[in-house]
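Student: Please take a close look at one part of this structure: the surroundings of the ligand. I should also like to follow the residues there outward into the chain, with every cut-off stated.

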Amino acid sequence: MSVQHGIASFEDYISSLGANTSLEFAQALDSQKELASFRDEFEFPTIRSCGGTRSLGGSLDDKCVYLCTNSLGLMPTQARNRINEDLDVWAREGVFAHHSNKYGNPWVSVEDTITPKLEKVVGGLPGEVTAMNSLTVNAHLLFGSFYQPTETRFKVVMEAGSFPSDYYAVRSHLKMRGVDPDLAVIEIHPREGEDLIRTEDIIKTINDNGQEIALIWFAGVQYYTGQVFDMELITKIGHENGCMVGLDLAHAAGNIVLKLHDWNVDFAVWCHYKYMCSCAGALAGAFVHNKYARDFERNRLTGWWAHNLDTRFVMDNKMDLAEGIDGFRVSNQSVISAAAVRAALDVFDKTSMEALRARSLVLTGYLEYLLNAMENTSKNIRIMTPKNPNERGAQLSLVFTDNTVDDVFNYLKSYGIIADIRRPIVIRVAPAPLFSTFEDVWKFVTILNQYQFK
Ligand SMILES: Cc1ncc(COP(=O)(O)O)c(C=O)c1O
């Protein structure tokens, strides 16, 4: 594995520093310039405010150990200010806030204040990326445009065990379009006794069914196992077989490096409340490749926001469809939500996804190292997530046997360690590329190692 920004490889890097399980080693990693976090840019709950009752040699008013960004990211400190700015113009200017320049983000084009920074996060070009609606709504909208079934080509390939919203969205969408999901959906499973889906099985399924597949719909990072799928290869093989390729990047955006334009992905959607730290239900992301920028005849569900801005308010009901992703918009956007997304993107803009990923590889590698190095955890926990760092993001999914998962989860919570439980056997932990520290990871594994497994 080679990563940029001065870190040659995780193994070399960590052993060059004399890897061991001490707190001092964690603190030494935290003091490395190239591994510095953006911790000060975020608000942290405390152990006490998360319902914790104990601490490892500190106080209950210490920051909690937040390893749950794969579910909901923390609040950027500036979110309050950004939201207050919009409340301020709303209060003082009412409808004129649509065009107010007081804070530089008139509501009439609020997404334009977001997209340049968002393009960098997902590897999109101008005109390919926007913020609108929510993830599943965007999936339905873009299925409407890019799933075009024919008599012979109508199938949808997706990963088995996908996040439920993807499963429901695909099946309900097909049904609405008059296609029987039981005949059309091909789910790719891990092999018997395995947790992860093999890339060779994905490729074989696409090649074997190529002429019948209308759409390949895959996650970038699998929500349960943490597996990163080879999005570039899936797209390439999909296109060789004449299929459209769409991605759900809920767990990938802000987590790993994405190159949606270069990979030639047809369309993608994602949310902004996980690694993108913009609050639950935040305005979501959408990408449509610019090869469709002027494909005005493509089926789409429109609304007034798909109009070019300079003719939108002429109100003559003559659609003047905007080029690119803007022509796939429907409604005006939630400006309060956009303010939180803007606050988070301002932090992302202080770095790059390449630098964040380099840090994240070491952080998650260190988590894996400690889990394997500490005796109690190594004996009692299995890691489901791929061992190969290139095949995983920040998250490790830990498997617990013999019904301990609730007890372990509550034990961790009592120390202010916030992880994510997936009953009956999994706890997911994700040190956030932006703000988790090596000391956070050390505290988590050290406390878990003290748990009395039965
Ligand atoms: C992979 C994935 N897809 C879809 C969703 C749901 O998205 P939304 O409720 O924002 O539409 C989630 C939510 O956690 C998710 O993890």
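Tutor: A polar contact is a pair of N or O atoms within 3.5 Å; within protein, one must be able to donate a hydrogen and the other to accept it, and residues adjacent in sequence count only if both atoms are side-chain atoms. This is a predicted model, in which local features need pLDDT (the predictor's confidence in each residue, from 0 to 100) of at least 70 and side-chain atom pairs count only at pLDDT 80 or more, while totals for chains, interfaces and linings use all residues. Residues are numbered from 1 along each chain as its sequence is written, and side-chain values use heavy atoms, with hydrogens and water left out.

The average pLDDT of the protein is 95, and 98% of the residues score at least 70. Over residues 1-6, however, pLDDT stays under 50, and there the model has 17 contacts (heavy atoms within 4.5 Å) beyond four places in sequence. Where pLDDT is low, the predicted coordinates should not be read in detail.

The ligand is surrounded by Leu135, Thr136, Phe163, Asp166, Asp248, Ala250, His251, Tyr273 and Lys274, a residue being near if one of its heavy atoms lies within 4 Å. By class, this shell has four nonpolar, two polar and three charged residues; Ala, Val, Leu, Ile, Met, Phe, Trp, Tyr, Cys and Pro count as nonpolar, Asp, Glu, Lys and Arg as charged, and the others, Gly among them, as polar.

Three side chains of the shell may be taken in turn. Thr136 places a polar side-chain atom 2.5 Å from an oxygen atom of the ligand. For His251, a polar side-chain atom lies 2.8 Å from a ligand oxygen atom. An N or O atom in the side chain of Lys274 is likewise 2.8 Å from an oxygen atom of the ligand. Taken alone, the ligand exposes 400 Å², of which the protein buries 82%; accessible areas come from the Shrake-Rupley method with a 1.4 Å probe, and for residues only the protein chains shown count as cover.

Leu135 and Thr136 both belong to the shell. Asn133 lies in the loop between β4 (129-132) and α5 (135-146); helices (H or I, at least four residues) and strands (E, at least two) are DSSP runs, numbered from the N terminus. Although Asn133 is not a glycine, its phi is positive, at about 50 degrees.

On the side of His251 and Lys274, the residue to follow is Asn70, in the loop between β2 and β3 (75-76). Asn70 has a relative accessibility of 0% and so counts as buried, where buried means under 20% relative accessible area, exposed over 50% and partly exposed in between (1.4 Å probe, protein chains only). Asn70 and Lys274 are 204 residues apart along the chain, yet their C-alpha atoms are separated by 5.2 Å. Residues up to four places away in sequence aside, Asn70 touches His251, Lys274, Tyr275, Gln395, Asp420, Arg428 and Ala430.

The contacts of Asn70 with Asp420 and Arg428 lead on to β14 (420-422) and β15 (426-429), which are among the elements covering the buried residues of helix α15, together with β13 (417-418) and α16 (438-449). Pro424 is in the loop between β14 and β15, and the peptide bond from Arg423 to Pro424 is cis, with omega near 10 degrees. In α15 itself (residues 405-414), the buried residues are Val405, Val408, Phe409, Tyr411, Leu412 and Ser414. An α-helix has 3.6 residues a turn, so residues three or four places apart point the same way. Just after α15, Gly416 takes a positive phi of about 75 degrees.

The end of α15 also meets Gly52, a residue of the loop between β1 (42-43) and β2 (65-66). Gly52 is buried, at 6% relative accessibility. Its contacts, neighbours within four places in sequence left aside, are Ile47, Leu60, Lys413, Ser414 and Gly416. Gly52 and Ser414 are 362 residues apart in sequence but 4.1 Å apart in space, C-alpha to C-alpha.

One further polar contact completes the account. His261, in helix α10 (residues 260-263), makes a side-chain to side-chain polar contact of 2.7 Å with Glu128. Glu128 is also one of the residues in contact with His261 beyond four places in sequence, with Gly123, Gly124, Leu125, Phe287, His289 and Asn290.
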